[in-house]
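Hi,

Here is the structure I promised to pass on. Have a look at it first, and then read my notes below.

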Amino acid sequence: GHRVPTERLALVRRRLTWSFGAAFLVQLWRRLRLAFDRMGTEYDILLCGVTGFAGKLAAEHLLVKSYPIKWACCARNEAKAAAAVKTIADRVGATALPPIEVACLISDEAKLRAVVKKTKVVLTCAGPFEKYSQTLVKVCAEEGVHYADITGESDFFRKMIAEHDATAQKTGAKIVIHCGNDAIPWDLTVFEMSKLARSKGAELAEAWTYGEFGATAAASGGTLTTAIYQLGKRRGGAKPDFDPLLKRPDGSKSESLTKITNPKQDVYCDEFAQYGGPWIMGPVMANCVRRSNALLGYSASLTYADVMLRGHPTWAQWAGAKANEALVGAAVMAPRVFARFLPAPGEGPSREDMDAGYLKLHGRGRMVERDGKETPLKSTYHFPLDTGYLMTAQMLVEAGMVLLEKAKAGPGGVLTPAAALGSDIVARLDKELDAKFELSEA
């Protein structure tokens with residue numbers, strides 16, 4: 001047959017080598033430039049939303065822990081933010097106050113970008129996140145700045161994956177969604193189950209979580225505002241080819257799929273001797289697990305369900321809960337009329353109620369070995385205080401500390417706590433918050 005001259009083959013080889021080499025050098029230069037830019041940053045952590053209920057708790061945790069880092073707050077109203085931080089500092093006996101950077105999260109991208117470029121990690125408690133964090137995520141992804149939030153909004157998560165995952169991969173920014181009660185305990189429970197299964201040469205086939213909350217659990221004004229915003233917004237528009245939660249780093253649809261089997265109504269849970277059933281955050285926890293499976297490949301066909309245990313409420317407690325659900329529903333339909341009867345943004349449960357709260361998340365799983373042998377798994381994740389707000393804010397700060405300390409570990413992208421933080425966050429929450437995770441073969 002016809003032979004290609006050796007000189008031409010050599011030329012093609014040189015051109016291919018140069019082409020791939022140039023692409024590698026461009027990528028390397030981009031990463032190095034961002035790394036050098038970060039070396040000159042003023043802050044390690046930038047906290048947004050400090051005038052809100054959860055934001056104040058996050059600032060309190062940073063002040064109390066007094067980690068050897070440089071941190072600042074970002075707010076639209078400097079005086080209001082400074083007053084909020086000073087009040088917290090006076091209460092906890094802190095003397096070193098963080099600086100306040102002034103920027104609006106939604107109206108001035110250039111100013112927000114200038115502030116974000118001063119830090120290594122951004123933490124935000126400002127919700128609804130679909131309203132207040134879209135520009136913040138965009139800027140963090142573009143500037144290679146790590147980001148974590150406490151959102152419980154699956155639509156926001158999907159939108160950020162679709163719009164900023166590819167950019168964050170290029171810059172190395174880890175955009176970590178759901179770093180509070182929604183959904184670190186649930187996401188990491190399933191992650192650790194899968195990790196144990198893999199260590200045994202097996203695969204996690206099924207996982208169930210059963211949430212047991214303290215009787216004092218209550219919603220803040222910010223959470224209710226977010227719920228009203230999400231439930232009341234119009235939905236529509238073109239649908240993507242597949243759920244963005246299933247998007248792999250290369251843009252294709254993941255082959256690791258999750259079947260969600262959350263109960264539609266209350267059922268009696270024999271093991272716990274009480275009823276359990278659906279709750280408003282159940283789909284959010286499930287979507288977070290779905291994203292983690294898509295990225296980390298727990299199983300090609302994982303089955304997952306989340307159940308909220310009802311406990312043994314008195315008739316008055318049951319009636320009060322139903323009345324509050326009705327009020328929230330009315331506020332969705334007519335917010336101008338009914339929203340004023342709910343807690344306002346910045347308001348939330350009392351400190352006494354939060355200190356009396358707790359979360360005990362029970363996990364049950366089933367792993368399957370290559371020979372078909374099945375082994376049940378059993379876990380408990382115990383948080384000693386209220387996780388709805390108090391420990392949510394603390395979890396966010398500790399997630400930020402992991403991002404800061406493990407800044408260069410792992411790829412960037414729009415990620416879950418399991419995908420971005422893994423067992424590091426479990427170990428840190430144990431050490432700093434006394435949150436105990438136990439897992440064994442049942």
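Which strands does helix α7 lie across, and at about what angle does it run to β14? Before I get to that, please keep in mind that this is a predicted model.

Let me start with the sheet. Seven strands make up an open sheet with parallel pairing, and their order is β3-β2-β1-β4-β5-β6-β14. At the edges sit β3 (100-102) and β14 (413-415), each of which pairs on one side only. On average, neighbouring strands here are turned by 20° against each other, with direction ignored.

If you want one pair to look at, try β1 (residues 43-48) and β2 (residues 71-75): they pair in the parallel sense over four bridges. You can find L46 there, whose bridge partner in β2 is A72. Helix α3 (residues 78-92) packs on the sheet, where it touches β2 and β3, and its direction makes about 160° with that of β3.

Now back to α7. This helix (residues 154-171) lies across β5 (146-149), β6 (174-176) and β14, and it runs at about 145° to β14.

Next, a pair of helices. Helix α8 (residues 184-199) packs with helix α15 (residues 417-433) at an angle of about 95°, and their axes are 9 Å apart. An angle from 65 to 115 degrees counts as roughly perpendicular, so that is what α8 is to α15. From α8, the contact takes in I184, D187, L188, F191, E192 and K195, while α15 brings P417, A418, G422, S423, I425, V426 and L429. Sorted by type, the residues of this contact are eight nonpolar, two polar and three charged.

Last comes helix α10 (residues 282-296). Its 15 residues should span 21 Å at 1.5 Å a residue, and the end C-alpha atoms are indeed 21 Å apart, so the two agree. How much of α10 is buried? Twelve of its 15 residues are, so the helix is largely enclosed by the rest of the structure. Among those buried residues are G282, N287, R290 and R291. What do the buried residues of α10 pack against? Their partners are α7, α8, β8 (257-260), β11 (301-309), β14 and α15, so you will meet several of the elements above again when you look there. Just after α10 you will come to G297, which takes a positive phi of about 70°.

Have fun looking around!

Key: Residues numbered from 1 in each chain as written. Predicted model: local features only at pLDDT ≥ 70, side-chain atom pairs only at ≥ 80, totals over all residues. Heavy atoms only, no water. Pairing = 2+ DSSP bridges. Helix = DSSP H or I, 4+ residues; strand = E, 2+ residues; numbered from the N terminus. Axes fitted to C-alpha atoms, helices over the stretch in contact; angles between N-to-C directions. Contact = heavy atoms within 4.5 Å. Parallel < 35°, antiparallel > 145°, perpendicular 65-115°, else oblique. Nonpolar A, V, L, I, M, F, W, Y, C, P; charged D, E, K, R; others polar. Expected span 1.5 Å × (residues − 1). Buried < 20%, exposed > 50% of the residue type's maximum accessible area, 1.4 Å probe, protein only.
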